[in-house]
Amino acid sequence: LRTLHRELGQGLGASLRFVVDAGLFLDLAEFPEGQEESRRFAAGLELWGAIGGLEPGCAAAYPREPWRCLLPQYYLRYLLPSPVPLFICQSKYDIHSLKVFAGVHKGKYNSTVELARARAVGRALSAVVHAHPSVGLFFPACSAAYAKHSMLMDGSFCDSYRIGGLTLCQAVTKWYKAPVDAPPLRLEDSCEHPCDGGRPGPCHASPGGPS
């Protein structure tokens, strides 16, 4: 981001803003599936020879495990504060995280184990987004958002799911049009799966309403 800001923002006078859609991949070592995926990240980084492209502060902090710097739970603390505003769209129970990092496949485990693993994913993703309050956020959790991945690409979801009275499309538009130095728009559902038992109706917004 800093390179793009330097080359495009400062060099060409462009106004830059970045939206992350379902991009919070995890190091979820408490599950065998998560451990295996972390090994894949390490192998991939070695295969690509991409260490030089990592965030420098993060790479310096993990010289023996540079693969960690592919994951936002590690690199965001070194990237922020960013000269470019960021907005994260992420389901609290992202289908990729559920399947790949926690092994939640329909029928693979009994319902009690699956529920515990789904909630572990939700807690891990919550820890990432709560650690960085300077980043804009849309963080849904209820039945319509359970097992979602990319949300901006799903027009019906983007225009229908609401937190604090705003749909995802409205929230991104409001954040995009706000002054660069404005407080970030952060909207999240505070409930744990199953938030509403699959019944129609709103989920619980974050305590005190959306910031």
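Helices and strands here are DSSP runs, helices (H or I) of at least four residues and strands (E) of at least two, numbered from the N terminus. The model is predicted.

**Exercise 1. Place Ala22 in the chain and describe its backbone and its exposure.**

Solution.
- Step 1: Ala22 falls in the loop between β1 (18–21) and α2.
- Step 2: its phi is near 60°, which is positive although the residue is not glycine. Most residues other than glycine have a negative phi.
- Step 3: the relative accessible area of Ala22 is 5%. Buried means under 20%, so Ala22 is buried.

**Exercise 2. Determine which residues Ser150 contacts beyond its sequence neighbours, and whether Ser150 is buried, partly exposed or exposed.**

Solution.
- Step 1: Ser150 belongs to the loop between β3 and α7.
- Step 2: with neighbours within four places in sequence left aside, Ser150 is in contact with Asp21 and Ala22.
- Step 3: for Asp21 there is a polar contact between the two side chains, at 2.7 Å.
- Step 4: Gln90 is 60 residues from Ser150 along the chain, and their C-alpha atoms are separated by 7.8 Å.
- Step 5: Ser150 has 26% relative accessibility and therefore counts as partly exposed.

**Exercise 3. Compare the exposure of Ser97 and Ser156, and list a contact of each.**

Solution.
- Step 1: Ser97 is in helix α5, and Ser156 is in helix α7 (residues 155–158).
- Step 2: Ser97 has 0% relative accessibility, so it counts as buried. Ser156 has 55%, and because exposed means over 50%, Ser156 counts as exposed.
- Step 3: not counting residues up to four places away in sequence, Ser97 touches Leu24, Leu26, Ala102, Val121 and Leu125.
- Step 4: the side chain of Ser156 is joined to that of Asp154 by a polar contact of 2.8 Å.

**Exercise 4. Describe the largest nonpolar core and the surroundings of Phe138.**

Solution.
- Step 1: the core has 52 residues, and Phe138 and Leu168 have the most contacts inside it.
- Step 2: at least two residues of this core come from each of α2 (32–48), α4 (72–79), β2 (86–89), α5 (95–101), α6 (111–130), β3 (136–139), α7 and α8 (168–177).
- Step 3: the most is given by α6, with 7 residues.
- Step 4: outside its neighbours within four places in sequence, the contacts of Phe138 include Phe87, Ile88, Cys89, Met151, Tyr161, Leu168 and Leu187.
- Step 5: in soluble globular proteins, nonpolar side chains tend to be buried together.

**Exercise 5. Find the cavities of 30 Å³ or more and characterise the lining of the largest cavity.**

Solution.
- Step 1: searching the whole structure gives 1 cavity of 30 Å³ or more.
- Step 2: the space in the largest cavity is about 30 Å³.
- Step 3: its lining consists of Leu76, Ile88, Val128, Val129, His132, Val135 and Arg186.
- Step 4: by type, the lining has 5 nonpolar residues, 1 polar and 1 charged.

**Exercise 6. Locate the cis peptide bond that involves Pro81.**

Solution.
- Step 1: the bond joins Leu80 and Pro81, with omega about 0°.
- Step 2: Pro81 is in the loop between α4 and β2.
- Step 3: most peptide bonds are trans.

**Exercise 7. Summarise the architecture of the protein chain.**

Solution.
- Step 1: the chain has 8 helices and 6 strands.
- Step 2: from the N terminus, their order is α-β-α-α-α-β-α-α-β-α-β-β-α-β.
- Step 3: 43% of the 211 residues count as buried.
- Step 4: of the contacts with a separation of 6 or more, 67% are between residues 24 or more positions apart.

Note on methods: Residues numbered from 1 in each chain as written. Predicted model: local features only at pLDDT ≥ 70, side-chain atom pairs only at ≥ 80, totals over all residues. Heavy atoms only, no water. 1 Å grid on protein atoms, 1.4 Å probe; cavity = no way out; pocket = protein on both sides within 12 Å on 5 of 7 lines; lining within 4 Å. Points joined across faces, edges and corners; volume = space filled by probe spheres on them. Nonpolar A, V, L, I, M, F, W, Y, C, P; charged D, E, K, R; others polar. Buried < 20%, exposed > 50% of the residue type's maximum accessible area, 1.4 Å probe, protein only. Polar contact = N/O pair within 3.5 Å; in protein donor to acceptor, adjacent residues only side chain to side chain. Core = buried A, V, L, I, M, F, W, Y, C linked by side-chain atoms within 4.5 Å. Contact = heavy atoms within 4.5 Å.
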